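Morning, everyone. Please have the sequence and the 3D view open while I talk. I'll go site by site.

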Amino acid sequence: MKLSLHVSVMVEEVLRYLNPREDGIYVDCTLGTGGHSLAILEKTGGRIKLIGIDWDEEALRISWERLKEYRGKINLVRANFADIAKILKEQGIQRVNGFIYDLGLSSLQLEDPYRGFSFLREAPLDMRMDKRGKITASHLVNRLSRKELEDILWSLGEERWAKRMAEFIVEERKKSPISTTKELVEVIKRAVPAKFRRGKRTHFATRAFQALRIAVNQELDNLEKSLSEAIGFLFSGGRLCVISYHSLEDRIVKRKFKKVEGKELRILTPKVVRPSFQEIRVNPKSRSAKLRAAEKL
Ligand SMILES: C[S@@+](CC[C@H](N)C(=O)[O-])C[C@H]1O[C@@H](n2cnc3c(N)ncnc32)[C@H](O)[C@@H]1O
């Protein structure tokens, strides 16, 4: 199966807010298939240093190829961006001109039939973005208590049927472990009353899958920790751009910026920036994107 390259979101807006300058040092904390990095390198004629971070080895492999023209200018690092301070220290970098975060999953990951991110594809219940991680979705679904599962589905997925889903999961796994996406979708389907499944724009398993993915990859904790550390590395006048796709992520970014506004950062996006209609039409996956940017004082 041929996997398509991820279509980068809000590239023009990222370039406008990041405003990359020649000779600067830029960090792409979510390299993915390298689309934003490539745009930054092209914009500056490659006259920058770019650190690209991703914890998914496949993403790094693809980006290394895609950015090959700029190999002398880039360092690609397989790591969790939560460890940004450690990563930069190891690279001997003390100050940075700009950070970009484009959170969540790439299409490459979502569409990979073996990774279990999509409820539309039969796959082992995995959902790790970093295959070295010890916790999979299968661990959570088969080992957490009913209450813990309900909490994840409710707090990370805002799933209205969280309680019923958790009850149905616990009942099902007494018979045999739930080990594939298809098995989980079947249980979720039974937990959601039929009239709430039909005619909805959002698939009944969307929120549950999203919640489990966020929990498996500890996405909110990683973002919180990384942002705090990254701000400390910015030069005065340096920029930080974050694209999020989930209200909980966006809330973390918004609160973090607000907390240090006037002390460490100047907010460049008093109102969150959304993709244009034109972009959403061409790339519907961009529709939930929200961009926030700030400048170091
Ligand atoms: C939406 S994609 C980025 C796409 C990229 N901007 C592009 O234009 O191709 C998000 C990427 O961030 C990576 N990622 C998510 N959380 C991460 C983390 N905590 N540490 C490192 N990489 C992470 C994912 O593995 C994925 O490849």
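Start with Glu111 and Lys285. Their side chains make a polar contact at 3.0 Å. This is a predicted model, so keep in mind that every distance I quote is computed from it. Glu111 belongs to helix α5, which covers residues 107-111. Is Glu111 buried or exposed? Its relative accessibility is 15%, and the cut-off for buried is under 20%, so Glu111 counts as buried. So that is a buried glutamate with a lysine side chain as its polar partner.

Now the ligand. Where does the ligand sit? It sits in the largest cavity. There are 24 residues around it. Which of them come nearest? Ser8, His36, Asp54, Asp102 and Gln109 do. By class, the shell splits into 13 polar residues, eight nonpolar and three charged.

Next, some individual atom pairs. Gln109 offers a polar side-chain atom, 2.8 Å from a ligand oxygen. Phe81 takes part through its backbone: a polar atom there is 2.9 Å from a ligand nitrogen. Thr33 also uses a polar backbone atom, and that one lies 3.1 Å from an oxygen of the ligand. How much of the ligand does the protein cover? On its own, the ligand has 600 Å² of accessible area, and the protein covers 99% of that.

Keep His36 in view, one of the residues that come nearest to the ligand. His36 is also one of the buried residues of α2. Helix α2 runs over residues 35-43 and is mostly covered. How many of its nine residues are buried? Seven are. The list reads Gly35, His36, Ser37, Leu38, Ala39, Ile40 and Leu41. General point on helices: with 3.6 residues a turn, residues three or four places apart point the same way. Step just past the end of α2 and you reach Gly45, where phi is positive, about 60°.

That brings me to backbone torsions. Most residues other than glycine have a negative phi. Which residues should we look at here, then? Take Met127. Its phi is positive, near 70°, and it is not a glycine. Met127 lies in the loop between α5 and α6, with α6 at residues 137-143. Its relative accessibility is 0%, so Met127 counts as buried.

Then Glu158. Phi is positive here as well, near 45°, again in a residue other than glycine. Glu158 sits in the loop that links α7, residues 146-157, and α8, residues 162-175. Buried or partly exposed? Glu158 has a relative accessible area of 37%, so it is partly exposed. If you are checking torsions, put Met127 and Glu158 side by side.

Now sequence separation against space. Glu122 is in the loop between α5 and α6. At 49% relative accessibility, Glu122 counts as partly exposed; the exposed class needs over 50%. Along the chain, Glu122 and Glu183 are 61 residues apart. What separates their C-alpha atoms in space? The distance is 8.8 Å.

Next pair: Phe233 and Arg190. They are 43 residues apart in sequence, and their C-alpha atoms are 49 Å apart in space. Phe233 lies in helix α11, residues 219-233. Its relative accessible area is 10%, so Phe233 is buried.

Then Thr202, in the loop between α9, residues 181-191, and α10, residues 206-216. Thr202 has a relative accessible area of 45%, so it is partly exposed. From Thr202 to Asp126 is 76 residues in sequence and 22 Å in space, C-alpha to C-alpha.

Last one, toward the start of the chain. Leu5 is in the segment before α1, which is residues 11-18. Its relative accessible area is 41%, so Leu5 is partly exposed. Leu5 and Gly237 are 232 residues apart in sequence, with 33 Å between their C-alpha atoms.

To recap. The Glu111 and Lys285 side chains meet at 3.0 Å. The ligand sits in the largest cavity, with 99% of its accessible area covered by protein. Met127 has a positive phi, and so does Glu158. That's my round-up.

Conventions: Residues numbered from 1 in each chain as written. Predicted model: local features only at pLDDT ≥ 70, side-chain atom pairs only at ≥ 80, totals over all residues. Heavy atoms only, no water. Helix = DSSP H or I, 4+ residues; strand = E, 2+ residues; numbered from the N terminus. Buried < 20%, exposed > 50% of the residue type's maximum accessible area, 1.4 Å probe, protein only. Near = heavy atom within 4 Å. Polar contact = N/O pair within 3.5 Å; in protein donor to acceptor, adjacent residues only side chain to side chain. Areas by Shrake-Rupley, 256 points an atom, 1.4 Å probe, with all protein chains shown as cover. 1 Å grid on protein atoms, 1.4 Å probe; cavity = no way out; pocket = protein on both sides within 12 Å on 5 of 7 lines; lining within 4 Å. Sits in = over half its atoms within 2 Å of the grid points. Nonpolar A, V, L, I, M, F, W, Y, C, P; charged D, E, K, R; others polar.
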